[in-house]
Amino acid sequence: MRRVKLDRIDRRILRDLQADGRMTNVELARRAGISAPPCLRRVRALEEAGFIRGYHADINPEALGYGVTVFAHVGLTSQAEADLKKFEELVNSWPLVRECNMLAGETDFLLKIVAEDWDSYQRFLTTKLTSAPNVSHVKSALAIRTSKALPGVPIDTEIGDLPDEEELEEEE
């Protein structure tokens with residue numbers, strides 16, 4: 001991703017789209033304090049630069065029958081890069097796994113898994129996860145409730161401009 005300079009308007013656009021990806025360009029432009037055509041050009045530039053990776057609906061898991069969320073701490077027997085990549089590829093083939101994060105420390109990976117119920121999770125655990133190649137141990141933590149789940153990252157619209165590539169190189 002090429003580093004581009006973000007001004008306050010760009011950050012405002014990012015913040016507002018992150019909060020509501022279905023917002024019309026006209027409303028987005030109004031909030032950013034610019035007209036619609038330059039707003040649309042900015043959004044496209046932010047997409048092309050890789051700041052905006054996509055647009056998604058926030059689906060209620062319970063409404064579709066997924067009543068259990070589990071965080072699985074997974075340890076591998078080998079941390080060789082090839083083995084890590086193989087595990088990640090396997091995890092990517094499992095629809096119940098919604099997030100996969102490689103960690104530093106005792107646990108190699110933290111997986112966020114959704115299932116219809118505890119029995120469904122246990123079947124996934126025993127038939128897929130613990131039987132996967134290179135998995136040495138799994139510790140499961142059942143989520144009781146979620147009190148905060150914000151998408152993306154905090155975006156401050158009041159800070160100065162972010163440095164571009166040339167400014168970063170000058171600082172080194």
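## Helices, strands and the annotated domain

Helices and strands here are runs assigned by DSSP, with at least four residues (H or I) for a helix and at least two (E) for a strand, and they are numbered from the N terminus. With that in hand, welcome to this structure, which is a predicted model.

A good place to start is the stretch at residues 6-67, where UniProt, in an unreviewed entry, places the feature "domain: HTH asnC-type". Over residues 6-67 the chain is 53% helix and 0% strand. The C-alpha atoms at the two ends of this stretch are 40 Å apart.

## Salt bridges around D10

Let us turn to charged side chains. A search of the whole structure finds 7 salt bridges. One of the pairs is D10 with R42, whose closest N and O atoms are 2.8 Å apart. This pair links distant parts of the chain: D10 sits in helix 1 (residues 8-19) and R42 in helix 3 (residues 36-48), 32 residues apart.

The two partners can also be described by their accessibility. D10 counts as buried because its relative accessibility is 8%, under the 20% cut-off. R42 has a relative accessible area of 23%, so R42 is partly exposed. D7 joins the picture too, as D7, D10 and R42 are linked in a network of salt bridges.

## Salt bridges around D16

Helix 1 holds another pair to look at. R12 and D16 meet through their side chains in a salt bridge, at 2.9 Å from N to O. These residues are 4 apart in helix 1, so about one helical turn separates R12 and D16. D16 also forms a salt bridge with R15, with an N to O distance of 3.6 Å.

D16 counts as buried because its relative accessibility is 5%. Its partners are described in another way: R12 is partly exposed at 26% relative accessibility, and R15 is partly exposed at 29%.

## The largest pocket

Finally, here is a look at open space in the model. Rolling a probe the size of a water molecule over the atoms shows where empty space is left. The largest pocket has a volume of about 2100 Å³. Its lining is made up of 50 residues, and H56, D58, L150, P151 and G152 are the ones nearest its centre.

Which elements supply at least two residues each of this lining? They are helix 1, strand 1 (68-76), strand 2 (97-102) and strand 3 (109-115). Helix 1 gives the largest share, with 5 residues. By class, the lining of the largest pocket contains 29 nonpolar, 9 polar and 12 charged residues.

Terms used:
Residues are numbered from 1 along each chain as its sequence is written. This is a predicted model: local features need pLDDT of at least 70, side-chain atom pairs count only at pLDDT 80 or more; totals for chains, interfaces and linings use all residues. Side-chain values use heavy atoms; hydrogens and water are left out. UniProt positions are given in the numbering used here, feature names are shortened, and annotations may be inferred rather than shown by experiment. A salt bridge is a side-chain nitrogen of Lys or Arg within 4 Å of a carboxyl oxygen of Asp or Glu. Buried means under 20% relative accessible area, exposed over 50%, partly exposed in between (1.4 Å probe, protein chains only). On a 1 Å grid over the protein atoms alone, a cavity is a set of points where a 1.4 Å probe fits but cannot get out, and a pocket is an open set with protein on both sides within 12 Å along at least five of seven lines; lining residues have an atom within 4 Å of a point. Grid points are joined across faces, edges and corners, and a volume is the space filled by probe spheres set on the points. Ala, Val, Leu, Ile, Met, Phe, Trp, Tyr, Cys and Pro count as nonpolar, Asp, Glu, Lys and Arg as charged, and the others, Gly among them, as polar.
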